[in-house]
Amino acid sequence: MLWFHPVLMALATLLAVYAAYLGVERFLSRHLGLRTQFLWKRHTVFGSAAIALWLIGFFGGLLMARLAWGVNFVTGDHYETALSMMPIMAAGGLSGIYMDRRKAPRTVLPLLHGACNLLLLALALYQISTGWDVIREFVL
Ligand code: HEM
Ligand code: HEM
C-alpha cells in the first residue's frame, strides 16, 4: 500500500508535464507573438486532473504515513515541500477555473497562473527526488 502514493503522484506529475506543454503554447502565442494553437479544453482537463490528483495524493501520503508509522511530518524535505505546494495549488487551480469560466482578454492573470503552475510542476519534480529518499530510508 505504501507504493500507492508514489505511483499516483508520478502519474499526476506526468499529466502536469503535458498541461504545462499546452500552457506554454498559449504563452508563446499571447506574449511572444508566435503562431501556435492552444488546445484550451485539453489544457483545462489535464491541468485539473493533475492538480486534483496532487491534492488527493497529499492527503493520501499523510494517511499512509500515519497508518504505516503512526506519525506524520517525519520526512523532512518531502513533507516541507508538500506543505509549500498547498497555497500555490490553490492559487494556480482557482485562477485557472476562473479564467475558464469567465473568458476575457487578459495579460497579468494568465502570467501569474502560468508562473504558479510551472513552479508547482518544478516542486513536484523535486518531490520525486525527496520521495525517493523517503522510499530508501523508510520503505525499502
Ligand atoms: C499543472 C497544471 C497547469 C499548468 C502547468 C498550467 C500552465 C499554464 C500556462 C503556462 C499558461 C499560459 C499563461 C500565459 O499565457 O501567460 C496557462 C494558461 C491557461 N490555463 Fe493553465 N495550467 C495548469 C492548470 C490549469 C487549470 C486546472 C485550468 C482550469 C481549470 C487552467 C486554465 C487555463 C486557461 C483558461 C489559460 C488561458 C488563459 C488566457 O490566456 O486567458 N490551467 N496555463
Ligand atoms: C512522484 C513523487 C513522489 C514520491 C516518490 C513520493 C513518495 C512518498 C513516500 C514513499 C511517502 C511515505 C508514505 C507512502 O509511501 O504512502 C510519502 C509521503 C508523503 N508525501 Fe509523497 N511522494 C511523491 C510526491 C509527492 C507530492 C507531489 C506531494 C505533495 C503534493 C507529496 C506529499 C506527501 C506527504 C504530505 C506525505 C506524508 C509525509 C509525512 O507525514 O511526513 N508527495 N511520499
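How far does a polar side-chain atom of histidine 31 lie from an oxygen atom of ligand 1, and what is that distance in Å? I looked this up first and obtained 2.6 Å. I note at the outset that the model is predicted.

**Entry 1: ligand 1**

I continued with the surroundings of ligand 1. I listed 22 residues around ligand 1, and Arg26, His31, His43, His113 and Asn117 come nearest. I then checked individual atom pairs. For arginine 26, a polar side-chain atom is 2.8 Å from an oxygen atom of ligand 1. For histidine 113, I found an N or O atom of the side chain 2.8 Å from a nitrogen atom of ligand 1.

Which pocket holds ligand 1? I recorded that ligand 1 sits in the largest pocket. The shell around ligand 1 draws at least two residues from each of H1, H2, H3 and H4. H1 gives the most, with 7 residues. I sorted the shell around ligand 1 by class and noted 10 nonpolar, 10 polar and 2 charged residues.

**Entry 2: ligand 2**

I repeated the lookup for ligand 2. I found 26 residues surrounding ligand 2, with Leu2, His5, Asn72, Thr75 and His78 as the closest. Two of the atom pairs I examined involve an oxygen atom of ligand 2: a polar backbone atom of valine 74 is 3.0 Å from such an atom, and a polar side-chain atom of threonine 75 is 2.9 Å from one. I also examined histidine 78, where a polar side-chain atom lies 2.8 Å from a nitrogen atom of ligand 2.

I located ligand 2 in the second largest pocket. Which helices each supply at least two residues of the shell around ligand 2? I noted helix H1 (4-32), helix H2 (40-69), helix H3 (77-101) and helix H4 (108-139). H2 gives the most to this shell, with 7 residues. By class, I recorded 19 nonpolar and 7 polar residues around ligand 2, and no charged residues.

**Entry 3: aromatic pairs**

I searched the whole structure for aromatic pairs and obtained 6. I took up phenylalanine 58 and phenylalanine 59, whose ring centres are 5.0 Å apart; their planes stand at 85°, over the 60 degrees required, so I classed the pair as edge-to-face. Is phenylalanine 58 buried or exposed? I classed phenylalanine 58 as buried because its relative accessibility is 13%, under the 20% limit. Phenylalanine 59, at 48% relative accessibility, I entered as partly exposed.

I next took up phenylalanine 73 and tyrosine 79. Their ring centres are 5.1 Å apart and their planes are at 55°, so I entered the pair as tilted. Phenylalanine 73 has a relative accessible area of 47% and is therefore partly exposed. Tyrosine 79 is likewise partly exposed, with a relative accessible area of 22%.

I also noted a cluster in which ring pairs link Tyr18, Tyr21 and Phe46.

**Entry 4: glutamine 127**

Lastly, I looked up glutamine 127, which I found in helix H4. I recorded a relative accessible area of 11% for glutamine 127, so this residue is buried. Which side chain does glutamine 127 join in a polar contact of 2.7 Å? I identified the partner as the side chain of threonine 130.

Conventions
Residues are numbered from 1 along each chain as its sequence is written. Chains are lettered from A and ligands numbered from 1 in the order in which they are written. This is a predicted model: local features need pLDDT of at least 70, side-chain atom pairs count only at pLDDT 80 or more; totals for chains, interfaces and linings use all residues. Side-chain values use heavy atoms; hydrogens and water are left out. A residue is near a molecule or strand if one of its heavy atoms lies within 4 Å of it. A polar contact is a pair of N or O atoms within 3.5 Å; within protein, one must be able to donate a hydrogen and the other to accept it, and residues adjacent in sequence count only if both atoms are side-chain atoms. On a 1 Å grid over the protein atoms alone, a cavity is a set of points where a 1.4 Å probe fits but cannot get out, and a pocket is an open set with protein on both sides within 12 Å along at least five of seven lines; lining residues have an atom within 4 Å of a point. A molecule sits in a cavity or pocket if more than half of its atoms lie within 2 Å of its grid points. Helices (H or I, at least four residues) and strands (E, at least two) are DSSP runs, numbered from the N terminus. Ala, Val, Leu, Ile, Met, Phe, Trp, Tyr, Cys and Pro count as nonpolar, Asp, Glu, Lys and Arg as charged, and the others, Gly among them, as polar. Rings of Phe, Tyr and Trp (its six-membered ring) pair if their centres lie within 6.5 Å; planes under 30 degrees apart count as stacked, over 60 as edge-to-face and the rest as tilted. Buried means under 20% relative accessible area, exposed over 50%, partly exposed in between (1.4 Å probe, protein chains only).
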